[in-house]
Amino acid sequence: ANLPVPTIAAIDGTALGGGLELALACDIRVAASSAKMGLVETKLAIIPGAGGTQRLPRTIGVSLAKELIFSARIVDGEEAKSIGLISHVVEQNEAGDAAYRRALALAREFLPQGPVAMRVAKLAINQGMEVDLVTGLAIEEACYAQTIPTKDRIEGLLAFKEKRPPRYKGE
């Protein structure tokens with residue numbers, strides 16, 4: 001969750017317990033419609049212990065998270081998408097890597113963006129979600145200020161003016 005780059009979980013099979021908790025620590029989750037996900041620890045008389053009790057409610061809402069954890073219910077990709085647990089659901093392919101392929105396509109969309117901007121955008125979002133709106137806006141302003149002195153910002157403006165793709169260096 002604290003990696004300074006976007007992270008995408010690709011769930012092509014089963015993500016139960018710790019597997020789903022790892023996926024919840026990612027910025028974006030993609031799953032095959034046939035994938036199986038759930039926090040099933042209460043079946044073992046324990047609770048999710050790797051962030052599940054905190055990240056699942058923040059992702060899908062408190063009441064629904066309680067329902068899923070209390071029942072130890074397993075959901076498929078379609079249901080996971082409908083409750084907001086995942087961002088994208090794809091039909092599984094013969095190779096069994098449909099979610100992985102969709103995750104790579106998303107990563108390719110992110111790749112051309114300015115690396116400094118991506119890092120501080122993630123930081124602003126993550127920190128801002130933990131505080132009230134006024135404080136969140138102050139965090140955003142501080143993160144925005146970090147992008148102003150960068151060479152990448154100058155390159156982005158120049159590339160826009162010259163109608164060409166930017167060549168960012170993370171500086």
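1. In this predicted model, the lining of the largest pocket draws at least two residues from each of three elements, namely the strand β3 (28-32) and the helices α2 (52-60) and α6 (115-128). Among the contributors to this lining, α6 holds the largest share, with seven residues.

2. The largest pocket has a volume of about 850 Å³, and 25 residues line it. Those that lie nearest its centre are C26, D27, I125, N126 and M129, and a reader who wishes to inspect the site in the structure above may begin from these positions.

3. As to the chemical character of this lining, 14 of the residues around the largest pocket are nonpolar, while seven are charged and four are polar.

4. The second largest pocket encloses about 200 Å³ of space. Its lining is formed by P4, V5, P6 and I8, by A107, F110, L111 and Q113, and by P115, M118 and R119.

5. Which elements each supply at least two residues of the lining of the second largest pocket? They are α5 (98-110) and α6, and of the elements involved it is α6 that gives the most, with three residues.

6. The lining of the second largest pocket divides into nine nonpolar residues, one polar residue and one charged residue.

7. Taken together, the two pockets have α6 in common, since this helix provides the largest share of the lining of the largest pocket and also gives the most to the lining of the second largest pocket.

Note on methods:
Residues numbered from 1 in each chain as written. Predicted model: local features only at pLDDT ≥ 70, side-chain atom pairs only at ≥ 80, totals over all residues. Heavy atoms only, no water. 1 Å grid on protein atoms, 1.4 Å probe; cavity = no way out; pocket = protein on both sides within 12 Å on 5 of 7 lines; lining within 4 Å. Points joined across faces, edges and corners; volume = space filled by probe spheres on them. Helix = DSSP H or I, 4+ residues; strand = E, 2+ residues; numbered from the N terminus. Nonpolar A, V, L, I, M, F, W, Y, C, P; charged D, E, K, R; others polar.
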